[in-house]
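Hi everyone, thanks for making the time this morning. I'd like to walk you through a model, starting with a single residue and then moving on to how the chains meet.

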Protein chains: 2
Amino acid sequence: MSTRVVIVGGVAAGMSAAAKARRMDPSLEIVVYERSGYVSYGSCGFPYAIKGEIARVEDVVVRTPEQFAKQGITALVGHEVLAIDPGAGTVRVRDRRSGAEFSDRWDELVLTTGGVASRPPLPGADLPGVFTLRTVEDALAIRGWIDERRPARGAIIGGGYIGLEMAEALAAHGIALTLVERLPQVLPNLDPELANHVQAELTRQGVDVRLDQPVEGLAGDERVREVAAGGQRIPAEIVILAMGVRPGVELARAAGIALGPTGAVAVDDHQRTNLAHVWAAGDVAEAYHRVTGKPAWVPLGTTANKQGRVAGENLAGGDARFAGIVGTAVVKVFDLEAASSGLSEARARAEGYRVQTVSATASSRAHYMPGHQPIHVKLVYETGSRRLLGGQLVGREGVAKRVDTIAAALHQGWTVDELAELDLSYAPPFAPVWDPILVAANLARR
Amino acid sequence: MSTRVVIVGGVAAGMSAAAKARRMDPSLEIVVYERSGYVSYGSCGFPYAIKGEIARVEDVVVRTPEQFAKQGITALVGHEVLAIDPGAGTVRVRDRRSGAEFSDRWDELVLTTGGVASRPPLPGADLPGVFTLRTVEDALAIRGWIDERRPARGAIIGGGYIGLEMAEALAAHGIALTLVERLPQVLPNLDPELANHVQAELTRQGVDVRLDQPVEGLAGDERVREVAAGGQRIPAEIVILAMGVRPGVELARAAGIALGPTGAVAVDDHQRTNLAHVWAAGDVAEAYHRVTGKPAWVPLGTTANKQGRVAGENLAGGDARFAGIVGTAVVKVFDLEAASSGLSEARARAEGYRVQTVSATASSRAHYMPGHQPIHVKLVYETGSRRLLGGQLVGREGVAKRVDTIAAALHQGWTVDELAELDLSYAPPFAPVWDPILVAANLARR
């Protein structure tokens, strides 16, 4: 009897695991159960589909169940795994269309249940017109609401990546927006002085940014009409709850799969859980953070794809290792790019590091080239060892891929002085002779 | 008596050395002799000034002699150093305006005489309308010739960086162009299959590209009229000789300053020459190539600035070290970006490495985002050790700063497998979930 692999969740990590396992071993039986109606989609594309930059929400789907079937991978959408029995080696599954329940057996199980949008118990959070954004169905619902209801005013609750991307998306439909954030800044991965540039861009684009204001509730009648926050009432005919994500660990916890200190599933560098033959990958799992040397929970599509591939290789008898993350992220906020890798100053201090920082503003291109834009750079490094702990960049161009140089330095554990030595590319249309990263790193050498 | 520093050549390396030495030690006397009429300029900007993207050629000047004077640095333009006497600690100088000659003494000498445009003894190479491009005066002359003579047809001799940038610059003036290259490809730092994309772009932009055609000579009357190449006559009312650069080592050689295997001045990692108190930096000097472990001559503004700074720090009693280069370069060719770092496959084989390569074409942004463009990536790595030896990228966007990740990997001597582990930035407008560099590196892991 051939080895049967069951994968619980068919988005980035799950389908990467399936595809890799299939390439490793054509004899495997591979079944993926996905609760939603779609597999293998790039959820990071949803804001651009809602904005209208992508024609159809479904365009973010990479491959369909039919395409996976041709590879010999059975991907069943609308199938929710209700329970995992590690002792028996089975899962309990419900077909959401028919309501039928059945059991399936597995020799290898991959848990890729992803993250869940946080939905705090706010009054009125279930009103029509209030949305979270996680699945294709969520994106379709938001797009449909905009197209049918033509809301004039909207509110975004939460100033993280999804909140900011959704601000851009909704503004493109002419919706007058208020962004409400409970913290004193947007983008908590950035230190406040960098986040300031992002807030200024939001304001410049007409978004009413309200910081330090916890949401008290939502109100309406047959649909949402207003948001109550900071003692004020904000009219809104559409509300996006972008209040963060948590790992979807309910199944894991019930099955006795150990969680780590972050609350996500604990995995080793082979994506093994504490249970034999049970693997976890993607937003449900932790990842080793190379800067802190500790497990971290940084749910991102890149990590999900990499971890899924490692799990798929190993369950098929391979010996792949996930090298860990350094926490690299970038977001487009209207005309601004904001990127970070490693630890912010605030986070580094909270982790107990003694730190120094340097900040510089340098040009995206040679100073004499038209169109050059300032890039704000901040580097955080450890006092004494001078090891780089993190870097942040904000600017109107040339930020997204510049942060990769910082990611490479963090991956290797370089000092800020080693970062300053790099032979980075230069031509007047693309960089000044001293790249902004080198300008900042050189300040640390003084 | 205070220490007197004489710097021979006042462009990138020379003025970096002067500025750094001044910051290190306010008591130093610092004199810079510059043969041309300008100091401290970004010569890489000339093509864009000639194109008209920069209003005035002089806009590429970073600082004037007057501005340096305020820092206590005497920068004398139009002053040519005729000879160096290391034994006496003097230089012989001619004021090119007056013709007066004088001697000056030095305690520390910095040789930053730069590179010299190759000007082979071609018949007709001295005709009016035939130009090389190295100094502000060269750029002004080309710009003046275009503005006054309005040439309808032009020829670029040489398909290196300057040749290609000048093709874009001249084409912007409506000049019908022929590009003549003696080698079978443009951009010799790229392997042929990557250079093909560049050649296709040139052709698409209307440039008549003639490869494998050595120039036989130029002809005209009171000005250039045609180029003879490959047995054909090419009409041209303006000709740019972009036939490469050589290190300007005449003064060094005459003074007994040792040259290295590349023909440029040999320096150690402190920018010392073989003579005590004589330093060299920039395009006149070699640099340690971290990939080959040998001296290399890669004349670029970035290296010149870094080496100049190291020389300036050390002559003032510091202990700075130049970490070396990996040979990173990028060029804009019309709407294309072409970048490389480290060794091409051809160069690696010529250096004696046993190599393997992987090539991939991946998207600059998420596949569903409008405007995404293919990026062609080639990685070269050593058979056995799997050490990355070089990388090349060509595409319409997102190339210039992506090559920096390869530069970081080469700087550290990573394997291609380590490159594949990096936590690179991802957001749909800037990258696919698997960055093109990771796509290529992963192919090597299979």
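**One histidine, then the interface**

Let's start in chain B: leaving aside residues up to four places away in sequence, B:His197 touches B:Leu336, B:His376 and B:Val394. Before I go on, please keep in mind that this is a predicted model.

Where does B:His197 sit? You'll find B:His197 in helix α6 of chain B, which covers residues 192-204. Now look at one of its partners, B:Leu336. Along the sequence, 139 residues separate B:His197 from B:Leu336, yet in space the two are 8.7 Å apart, C-alpha to C-alpha.

Is B:His197 buried, exposed or partly exposed? There are 19 other C-beta atoms within 10 Å of B:His197, and a residue needs 20 or more to be called buried. So B:His197 counts as partly exposed.

Now let's zoom out to the two chains. A turn of 180°, with a shift of 0.0 Å along the axis, lays chain A on chain B with an RMSD of 0.0 Å. The two copies are therefore related as by a two-fold rotation axis. Both copies use the same surface, too: 100% of the contact residues of chain A recur in chain B.

How many residues are in contact? On chain A there are 50, and they meet 50 residues of chain B. On the side of chain A that touches chain B, at least two residues come from each of α8 (301-315), β21 (329-333) and α10. The most come from α10(A), which gives eight residues. As for the chemistry, that side of chain A divides into 31 nonpolar, eleven polar and eight charged residues.

Since α10(A) gives the most, let's finish there. Helix α10 spans residues 403-412 in chain A and in chain B, and the axes of these two helices come within 8 Å and cross at roughly 25°. An angle under 35 degrees counts as roughly parallel, so that is how α10(A) runs relative to α10(B). The crossing of α10(A) past α10(B) is right-handed.

Which residues make this contact? From α10(A) we have A:Asp404, A:Thr405, A:Ala408, A:Ala409 and A:Gln412. From α10(B) we have B:Asp404, B:Thr405, B:Ala408, B:Ala409 and B:Gln412. Taken by type, the residues of this helix contact are four nonpolar, four polar and two charged.

That's my tour, and I'm happy to rotate the model for anyone who wants another look.

Methods: Residues numbered from 1 in each chain as written. Chains lettered and ligands numbered in written order. Predicted model: local features only at pLDDT ≥ 70, side-chain atom pairs only at ≥ 80, totals over all residues. Least-squares fit on C-alpha atoms with pLDDT ≥ 70 in both. Contact = placed C-beta atoms within 7 Å. Axes fitted to C-alpha atoms, helices over the stretch in contact; angles between N-to-C directions. Helix = DSSP H or I, 4+ residues; strand = E, 2+ residues; numbered from the N terminus. Parallel < 35°, antiparallel > 145°, perpendicular 65-115°, else oblique. Left-handed = near helix turned anticlockwise from the far one by under 90°. Nonpolar A, V, L, I, M, F, W, Y, C, P; charged D, E, K, R; others polar. Buried ≥ 20, exposed ≤ 12 C-beta atoms within 10 Å, placed from the backbone.
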